[in-house]
Structure formats: C-alpha cells, structure tokens
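Colleague: I would like a close look at a single part of this chain. Please take one helix, and show me how its two sides differ and what it packs against.

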Amino acid sequence: MTIRKATKKDIPAIIALLHQVDMVHHVIRPDLFKPNTTKYNEQQLEVLFEDDSKPVFVFDDGNVLGHAFCVITEVKDDKLLQDIKTLYIDDICVDEKARGKHVATALYEHVRDYAKAIGCNNITLNVWEGNDPALSFYSKMGMKVQKTTMETIL
C-alpha cells in the first residue's frame, strides 16, 4: 500500500472514482448535481497534476482505491484576516468496493501530515448535508465545524 501523488497513468481510475463521487452527490442533491458525469475530464486532470498548489494523492495497492484532491491557499497581509496557510480537501473518495478498509483514514492522515510538513495552519473541507457517512468520518478524524452555509430553495 502506497499513498503518492497522482500521475497520468492514474487518470482512468480517478475518473471512475469521480463518477462515484458524482453519484453520491446526485443522490443527495439531484437539484444541484447532474448524474453520470465527472468534475474533471482527462485533459483537466493532466493539467491539475502539474499544479503544486492543487496536489492530488492516490491510495495505491496495485490498484487505485481512493484519491484526495487538495487545494493550498494562503492569506497574507489582509486588512481583516490573519495570515494563514490552509489545505482545503476538495474531495476524498474511496472506491465503493474498498470501503471499510481504512483507505479514507490513510488518505486523510497522509493529507494531514503533508499539510503539517508544508506549514499549513489548518485543513478545511465541505460536507454536503445528508452525507452522513462523510460527516461521521471527518468528525472521527477530529474535524470540527468552522462555519455553516445555509440556503433557501425558491
């Protein structure tokens, strides 16, 4: 088992995982998420893999069983906000056939250690209301609510 940065050869497996992510979100919020699509295509992933501010990690045991898409942001010399470097987890996905095998925990811990190593102050992410397994997992990882986004559907 290895967790490493994603490469071009991982794209087919990552696309398959992105389809799974999309369907989780589509089931929860079909008013927002279209079915049977992905957030990125192959060409966009190739470009993304070259961007050091947006690292993508994969859990590889001979097959890619999970991924973590990250975005590093930094606030400096803002009038209101403190200087802070943040690693935002845009997406963690574990292949549905590998769930319950601690793949997500390994990915999260790798991302946490990476964030510490590059001097981040915190890790943030969003969880869609209704995605109770994700909310439970991130709470077990020690994450706390930072802010709440609310809506009124008209």
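Modeller: Here is a walk around the last helix, α4, and then out to the rest of the chain. Keep in mind that this is a predicted model.

Start with the layout. The protein chain has four helices and five strands. Along the sequence they follow the pattern β-α-α-β-β-β-α-β-α. The radius of gyration is 16 Å, close to the 15 Å that the globule rule gives for 154 residues, so the chain is as compact as a globular protein of that length.

Now go to α4, residues 132–140. Which of its residues are buried? Ala-134, Phe-137 and Tyr-138 are. These residues cover an arc of only 95° around the axis, which puts them on the same side of α4. Asp-132 and Lys-140 lie on the other side, and they are exposed. So α4 has a side with buried residues and another side with exposed ones.

What do the buried residues of α4 pack against? Their partners are β4 (84–94), α3 and β5.

Rings give a closer view of this region. The model holds six aromatic pairs. One of them is formed by Phe-33 and Trp-128, edge-to-face, with 5.2 Å centre to centre and 90° between the planes. This pair links distant parts of the chain, 95 residues apart. Phe-33 sits in the loop between α1 (11–28) and α2 (42–49). Trp-128 sits in the loop between β5 (122–125) and α4. Phe-33 has a relative accessible area of 23%, so it is partly exposed. Trp-128 is at 34%, so it counts as partly exposed.

Tyr-108 and Phe-137 form an edge-to-face pair, with 6.4 Å centre to centre and 90° between the planes. Tyr-108 belongs to helix α3 (residues 103–117), and Phe-137 belongs to α4. They are 29 residues apart, and their pair links distant parts of the chain. Why does Tyr-108 count as buried? Its relative accessibility is 5%, and buried means under 20%. Phe-137, at 17%, counts as buried because it falls under that cut-off. Ring pairs also bring in Tyr-138: Tyr-108, Phe-137 and Tyr-138 are linked into a cluster.

Look just past the end of the helix. Gly-142 comes just after α4 and takes a positive phi of about 95°.

Finally, step back to the whole chain. Of its 154 residues, 39% count as buried. Among contacts with a separation of 6 or more, 61% come from residues 24 or more positions apart.

Notes: Residues numbered from 1 in each chain as written. Predicted model: local features only at pLDDT ≥ 70, side-chain atom pairs only at ≥ 80, totals over all residues. Heavy atoms only, no water. Phe/Tyr/Trp six-rings, centres within 6.5 Å; stacked < 30°, edge-to-face > 60°. Helix = DSSP H or I, 4+ residues; strand = E, 2+ residues; numbered from the N terminus. Buried < 20%, exposed > 50% of the residue type's maximum accessible area, 1.4 Å probe, protein only. Arc of directions from axis to C-beta. Contact = heavy atoms within 4.5 Å. Rg over C-alpha atoms; globule rule 2.2 N^0.38 Å.
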